[in-house]
Amino acid sequence: MLNRLDGYTESVPSSVITFPKYGDCYGELRIESADITAPLYYGDNDKLLKKGVCQYIGSMYIGSGTTVLISGHNNTYLHTLGQVEVGDIIEIDTNYGSYVYEVDSVSVELANDSSWYDLDAQHENLELYTCYPFDALGITRYRFCVGAKYISGPKILYNE
């Protein structure tokens, strides 16, 4: 599915990466403990959310060393996100490397509360969310949120 870069394990120069544009599928997200496998799109709108999980474009690219914010529908790709527990592993494959994160928080938050994530973090982390409760249709008042810390994957070296 993906045209992978070979030979890069700890870091990858930004000059060899074809960064996704809005609407591009550029990876796959997997959470084995919750039986989740989903295509990963850059950008988030209704059309893309029907196709997979979506990265908010206000967050940095995976491997950039800061927060990556990903959402998905509670009645499609993330309908089993509630099975995720602290310590579970999240894997993301991109066209420039494979990444592993370990879940370190699970919570339910108000939809208009953004205090559970930090887009200015100076360390790589992954934040996933979906509407809650899981059996609700349409936009809900709450979000089920999963935070995960970076374990491995190539760091993007900008200006190289």
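In which strand does Lys155 lie? Lys155 belongs to strand 10, which covers residues 155-157. The close-ups below, all taken from a predicted model, begin with this residue and then turn to the barrel and two pockets.

**View A. Lys155 and its surroundings in strand 10**. Here we look at Lys155 together with the residues it touches. Its relative accessibility is 31%, so Lys155 counts as partly exposed, a class that lies between the 20% limit for buried and the 50% limit for exposed. If we set aside neighbours within four places in sequence, the contacts of Lys155 are Glu10, Ser11, Val12, Gly63, Glu124 and Tyr150. Phe134 makes a handy landmark for orientation: 21 residues separate Phe134 from Lys155 along the chain, and their C-alpha atoms are 34 Å apart.

**View B. A barrel closed by eight strands**. To follow the barrel around, trace its strands in the order 2-3-4-5-8-9-7-6; you will meet mixed pairing on the way. On average, neighbouring strands of this sheet are turned by 30 degrees against each other, with direction ignored.

**View C. Strands 6 and 7 side by side**. This view picks out one pairing: strand 6, residues 89-94, runs antiparallel to strand 7, residues 97-110, and six bridges connect the two. For a place to rest your eye, find Ile90, which has Tyr101 of strand 7 standing opposite.

**View D. The largest pocket and its lining**. The space in the largest pocket comes to about 290 Å³. Its lining is made up of 13 residues, and those closest to the pocket centre are Leu49, His73, Cys131, Ile139 and Arg143. Which elements each supply at least two residues of this lining? They are helix 1 (46-49) and strand 8 (125-132). Strand 8 gives the largest share, with three residues. Sorted by class, the lining of the largest pocket holds four nonpolar, seven polar and two charged residues.

**View E. The second largest pocket**. About 180 Å³ of space lies in the second largest pocket. Around this pocket you can pick out Asp44, Tyr56, Leu69, Ala111, Asp113, Ser114, Trp116, Tyr117, Tyr129 and Arg143. How many residues of this lining are nonpolar, polar and charged? The second largest pocket is lined by six nonpolar residues, one polar residue and three charged ones. Look out for Arg143 in both of the pocket views: Arg143 is among the residues closest to the centre of the largest pocket, and Arg143 also lines the second largest pocket.

Key:
Residues are numbered from 1 along each chain as its sequence is written. This is a predicted model: local features need pLDDT of at least 70, side-chain atom pairs count only at pLDDT 80 or more; totals for chains, interfaces and linings use all residues. Side-chain values use heavy atoms; hydrogens and water are left out. Two strands pair if DSSP finds at least two bridges between them. Helices (H or I, at least four residues) and strands (E, at least two) are DSSP runs, numbered from the N terminus. Axes are lines fitted to C-alpha atoms, for helices over the stretch in contact, and angles run from 0 to 180 degrees between N-to-C directions. On a 1 Å grid over the protein atoms alone, a cavity is a set of points where a 1.4 Å probe fits but cannot get out, and a pocket is an open set with protein on both sides within 12 Å along at least five of seven lines; lining residues have an atom within 4 Å of a point. Grid points are joined across faces, edges and corners, and a volume is the space filled by probe spheres set on the points. Ala, Val, Leu, Ile, Met, Phe, Trp, Tyr, Cys and Pro count as nonpolar, Asp, Glu, Lys and Arg as charged, and the others, Gly among them, as polar. Buried means under 20% relative accessible area, exposed over 50%, partly exposed in between (1.4 Å probe, protein chains only). Contact means heavy atoms within 4.5 Å.
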